[in-house]
Amino acid sequence: MYEYEECAEISLLALRRAIAELEGKKAPPVKSAPKRDGPVDMSELGETSLLEGVSNNVSFCLRDGIGPEFITVDVSDEGDLISSFFIPCEVDDDRSMVETVSPHLKFRGAHLLRYKYEENPGEKIPPGWDFDILLPLRKLSLSGVRQLATVIAETIRRPPEPMGPVVAQELCHGAPESLIGSEESDWLEVKSQGYNLDIFRDRIELAQDVSRFANSEGGGLLVVGYRTKKTRHGEVISKFTPEKEALVRANRYRSIIDARVFPPVDGLRVRASQQEGGWVLSILVPPQAEENKPFLVHGAIVDGKMEGAFISVVRRRGEASIPITGPAIHSMLAAGRGLLRGGFHQR
């Protein structure tokens, strides 16, 4: 048994060679990963773990709450690298389990070989799910295997909730592949590239994107790190494209928003996290009190020119953004004055 920290960044190809050497044999040639699209056929999954009874495998102590605190990895006779891990969990619906874990496996190029719910896995071990996963040799390091096991653990333990800005923000940092296939909407907007906050135009664009959600009825979520494609139903998230850390620094994003959007957005949450291949950033805008609207942006782009002294006001409707008209702004201000007068009369 090895401590995880000792070998976290070992590639799976190197790990495969090392395991073969421990077993005193030459690693078979690397095969292409099988193509398996669509849902898993449960009738094809094995009943018994492929690593059961194997003595020359390598186990890694994790101590990160997956429990029991190990991931076992071994090379099959066919040359495949297989990982086995157990996740304590009270949910035992196997059909929903396949639907739940498949997106995470597909995202990383892994495949489900076996899963089984163990009601009595052993002394002092709670019930849970035992998995055998076929690993992609060319894509992951050992840390990637740990991340896969952790994401699966977090996902199957999460109570079912309807998708919305709060849930989507948690998924984008805990299991970013979960958003693939989602449509952009009145509460969700994604961008494949971060804003260049050294440029005035991008600072204004960021502030306007946030104020659109603040001026809407239900708020929304802005995410940097995904690409979309057009379909007949609208823009659909098609790929996870993490950014460079320099383009998604949460503190700088928040300072720009605070400086450019008035009044301050209540409950604003700006998060950045490191994922496989880069960083993802999200900006959660909760629903705002009507008396604080409209939210204004200090600065505007007029006829292609940047005007720092101007004020811009925008709101979001579906996937499109529309400006708030002069009469609408006037009516809001008039309504506010009316409320003030009413308040003074009551005194």
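These legends go with close-up views of a predicted model.

**View 1. Helices H2 and H3 pack against each other.** H2 covers residues 94-108 and H3 covers residues 142-157 (helices, H or I of at least four residues, and strands, E of at least two, are DSSP runs numbered from the N terminus). Their axes sit 10 Å apart at an angle of about 155° (lines fitted to C-alpha atoms over the stretch in contact, with angles from 0 to 180 degrees between N-to-C directions). That makes H2 roughly antiparallel to H3 (the label for angles over 145 degrees).

**View 2. Here are the side-by-side residues of H2 and H3.** From H2, Met97, Thr100, Val101, His104, Leu105 and Arg108 meet Gln147, Leu148, Val151, Ile152, Thr155 and Ile156 of H3 (contact: heavy atoms within 4.5 Å).

**View 3. Phe131, Ile133 and Ile152 touch the most other members of the largest nonpolar core.** This core has 32 residues (buried Ala, Val, Leu, Ile, Met, Phe, Trp, Tyr and Cys joined through side-chain atoms within 4.5 Å; buried is under 20% relative accessible area with a 1.4 Å probe, protein chains only). H3 chips in the largest share, seven residues.

**View 4. Phe131 has plenty to touch.** Skipping neighbours within four places in sequence, its contacts include Phe85, Ile87, Met97, Val101, Leu112, Tyr115 and Ile152.

**View 5. A second, separate core has 23 residues.** Among them are Leu222, Val224, Ala250 and Leu268.

**Notes.** Residues are numbered from 1 along each chain as its sequence is written, and side-chain values use heavy atoms, leaving out hydrogens and water. Local features need pLDDT of at least 70, side-chain atom pairs count only at pLDDT 80 or more, and totals for chains, interfaces and linings use all residues.

Conventions
Angles under 35 degrees count as roughly parallel, over 145 as roughly antiparallel, 65 to 115 as roughly perpendicular and the rest as oblique. Buried means under 20% relative accessible area, exposed over 50%, partly exposed in between (1.4 Å probe, protein chains only).
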